[in-house]
Amino acid sequence: MPSKPTAVLLISCPDQRGLVARIAQFIYQHEGNILHSDHHTDAESGRFLMRIEWELDGFGILREEIPKAFSPLATSLRLEWQLHFSDRPARLAILVSKQSHCLYDLLWRHSAGELPAEVAVVLSNHEDHRQAVERFGIPFAVFPITPESKLEQERREMDLLAGHRIDLVVLARYMQVLSPQFVERYPHRIINIHHSFLPAFVGSRPYHQAHERGVKLIGATSHYVTAELDEGPILEQDVARISHRDTVEDLIRKGRDLERVVLARAVRLHLEHRVLPYGRKTVVFD
């Protein structure tokens with residue numbers, strides 16, 4: 001992350017001539033120093049996607065005035081756009097059930113300064129991890145869930161998240177399917193880790209399915225949560241090689257290592273504003 005505060009524009013629009021030049025010109029004419037610029041055109045959809053980052057020091061427009069100043073150009077080019085600032089870290093909530101490996105990894109990375117965010121709260125449907133979370137000085141809340149109480153408990157969870165002004169929800173092996181109402185409140189702001197290389201071996205027992213098929217690679221996938229289970233746009237994936245000697249337990253152990261790394265990468269990419277979803281896909285900028 002740059003040591004000086006920066007602004008990041010994420011842009012999506014119909015492809016057209018002169019987009020890169022006109023957007024860069026807006027920054028240049030206001031004395032902006034561009035640090036990074038990357039773009040991609042999806043030929044099938046005719047969609048142009050861009051990430052551009054510049055220093056705020058010396059920029060000729062106060063940060064609060066940038067949206068107003070940029071709006072006329074955005075309207076003329078039919079841009080869908082987001083503006084972010086590097087010195088305004090997101091407020092993050094982690095949801096977890098009983099498996100702890102992803103939760104502990106995120107808490108360690110956050111304490112080591114690897115995640116540019118504030119972990120505001122950890123929610124669970126079990127008490128198991130309270131002491132570990134509170135040792136990090138982070139509030140821990142439990143909402144036991146049964147089929148009969150699910151909707152009411154979700155409402156209470158959403159109220160708590162709203163009270164903490166949460167920007168991003170991370171499902172660190174949270175073994176509950178979120179309701180459409182929950183998902184709609186955080187569009188492209190809920191990140192899940194799936195213990196499989198999607199779209200292969202979907203469902204609750206992917207390592208058992210992989211073992212039965214005799215696969216030579218297993219994987220993990222981090223994606224945005226949508227109303228369709230495990231169908232959201234993918235942020236990050238990775239694989240590990242296995243052999244015929246590996247048992248199901250070996251696959252689970254190796255898979256957990258993958259899950260930790262893949263989820264952490266996905267969360268960091270989102271927090272650094274490097275992911276731009278469109279349709280069922282994402283562009284992930286370097």
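Axes here are lines fitted to C-alpha atoms, for helices over the stretch in contact, and the angles between them run from 0 to 180 degrees between N-to-C directions. With that in hand, a good place to start in this predicted model is the meeting of two helices. Helix 3 covers residues 101–111 and helix 8 covers residues 248–271; their axes come within 9 Å and cross at roughly 45°. Angles under 35 degrees count as roughly parallel and 65 to 115 as roughly perpendicular, and helix 3 and helix 8 are therefore oblique to each other. The crossing of helix 3 past helix 8 is right-handed.

Who actually touches whom? On the helix 3 side, the contact is made by His-101, Cys-102, Asp-105, Leu-106 and Arg-109. Across from them in helix 8 sit Arg-256, Glu-259, Arg-260, Val-261, Leu-263, Ala-264 and Val-267. Sorted by type, the residues of this contact come out as 6 nonpolar, 1 polar and 5 charged. The spacing of such positions has a simple background: an α-helix has 3.6 residues a turn, so residues three or four places apart point the same way.

Helix 8 itself deserves a word. Its 24 residues reach 34 Å from the first C-alpha to the last, close to the 34 Å expected at 1.5 Å a residue. After helix 8 comes His-273, with a positive phi near 60°.

Helix 8 also has a sheet to pack on. That sheet is open, with 7 strands in the order 7-6-5-8-9-10-11 and mixed pairing. At its edges lie strand 7 (140–142) and strand 11 (234–241), each of which pairs on one side only. On average, and ignoring direction, neighbouring strands of this sheet are turned by 20° against each other. At one end, strand 6 (residues 117–124) pairs with strand 7 in the parallel sense, over 3 bridges. Within that pairing, Val-122 has Phe-140 of strand 7 as its bridge partner. Helix 8 touches strand 5 (90–96), strand 6, strand 8 (168–171), strand 9 (190–194), strand 10 (217–224) and strand 11 of this sheet. The direction of helix 8 makes about 155° with that of strand 11.

The other sheet is built from 4 strands. It is open too, with the order 2-3-1-4 and antiparallel pairing. Strand 2 (34–42) and strand 4 (80–85) are the edge strands, pairing on one side only. Here neighbouring strands are turned by 10° against each other on average, direction ignored. Strand 1 (residues 6–14) and strand 4 run antiparallel and are joined by 6 bridges; Ile-11 stands opposite Trp-81 in strand 4.

Two helices pack on this 4-stranded sheet. Helix 1 (residues 19–29) touches strand 1, strand 2 and strand 3 (47–55), and its direction makes about 20° with that of strand 3. Helix 2 (residues 66–77) touches strand 1, strand 3 and strand 4, and its direction makes about 155° with that of strand 4.

These two helices meet as well. The axes of helix 1 and helix 2 come within 11 Å and cross at roughly 170°, and that makes helix 1 roughly antiparallel to helix 2. From helix 1, Leu-19, Arg-22, Ile-23 and Phe-26 take part, and they meet Ala-69, Phe-70, Leu-73, Ser-76 and Leu-77 in helix 2. The residues of this contact divide into 7 nonpolar, 1 polar and 1 charged.

How values were computed:
Residues are numbered from 1 along each chain as its sequence is written. This is a predicted model: local features need pLDDT of at least 70, side-chain atom pairs count only at pLDDT 80 or more; totals for chains, interfaces and linings use all residues. Side-chain values use heavy atoms; hydrogens and water are left out. Angles under 35 degrees count as roughly parallel, over 145 as roughly antiparallel, 65 to 115 as roughly perpendicular and the rest as oblique. A crossing is left-handed if the near helix is turned anticlockwise from the far one by less than a right angle, and right-handed if clockwise. Contact means heavy atoms within 4.5 Å. Ala, Val, Leu, Ile, Met, Phe, Trp, Tyr, Cys and Pro count as nonpolar, Asp, Glu, Lys and Arg as charged, and the others, Gly among them, as polar. Two strands pair if DSSP finds at least two bridges between them. The expected span of a helix is 1.5 Å times one less than its number of residues.
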